[in-house]
Amino acid sequence: IVSNDPSFMPPSHSESLTDPSVLDTEKDLYIRITPDKENKLLSIRDTGVGMTKADLVNNLGTIAKSGTKGFMEAVSSGADISMIGQFGVGFYSAYLVAERVQVISKHNDDEQYIWESAAGGTFTITPETLGEPLGRGTETRRHQGG
């Protein structure tokens, strides 16, 4: 799960080599993992390039692109769940431990948005104006059940 969160960090670093202004909104590149046991929440924040609203729709909103559909079809046909890594499931593996996932992201070329889903096949994307501004990057929040 953690390995999929910083997937947008390397572009920020490489882009900054040719265009230092990419880092103007946040100079430091980091990944921060914050467990909140009391609220059953795991947050992972990076200061990578972030995602635009279109990126959120295209990268997180389409189950077919994630490999999850192929994985679920294989499992229902009798494949072993240990094969999860072979399908590029990546992000959707968050639902193995979370009942609800939020992705807050800010790209230099767009506003800050929040993508949210409870893995029921639907998601919402709304402008995120109530929380702390990210500057640039992505924070995923996994809301644990029970």
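A polar contact is taken here as a pair of N or O atoms within 3.5 Å, where one must be able to donate a hydrogen and the other to accept it. With that in hand, a good place to start in this predicted model is Glu-128, whose side chain reaches the backbone nitrogen of Gly-131 at 2.8 Å.

Glu-128 is found in the loop between strands E5 and E6, the latter covering residues 137-143. The residue is buried, yet it has no salt bridge. Arg-141 offers the nearest side chain of opposite charge, but at 5.8 Å that pair does not qualify, because a salt bridge requires a side-chain nitrogen of Lys or Arg within 4 Å of a carboxyl oxygen. Leaving aside residues up to four places away in sequence, Glu-128 touches Ile-104, Gln-112, Tyr-113 and Ile-114.

The wider setting is a sheet, and a welcome one to trace by eye. Its six strands form an open arrangement in the order E1-E2-E6-E3-E4-E5, with antiparallel pairing. Strand E1 (31-36) and strand E5 (124-127) are the edges, each pairing on one side only. From one strand to the next, the twist averages 15°. Helix H2, spanning residues 53-60, packs on this sheet and touches E3 (100-106), E4 (112-117) and E5; the direction of H2 makes about 25° with that of E4.

At the E1 edge, the partner is strand E2 (residues 41-46), and the two strands pair in the antiparallel sense over six bridges. Within this pairing, Ile-33 stands opposite Ile-44 in E2.

Notes
Residues numbered from 1 in each chain as written. Predicted model: local features only at pLDDT ≥ 70, side-chain atom pairs only at ≥ 80, totals over all residues. Heavy atoms only, no water. Pairing = 2+ DSSP bridges. Helix = DSSP H or I, 4+ residues; strand = E, 2+ residues; numbered from the N terminus. Axes fitted to C-alpha atoms, helices over the stretch in contact; angles between N-to-C directions. Contact = heavy atoms within 4.5 Å. Buried < 20%, exposed > 50% of the residue type's maximum accessible area, 1.4 Å probe, protein only. Lys, Arg positive; Asp, Glu negative; His and termini not counted.
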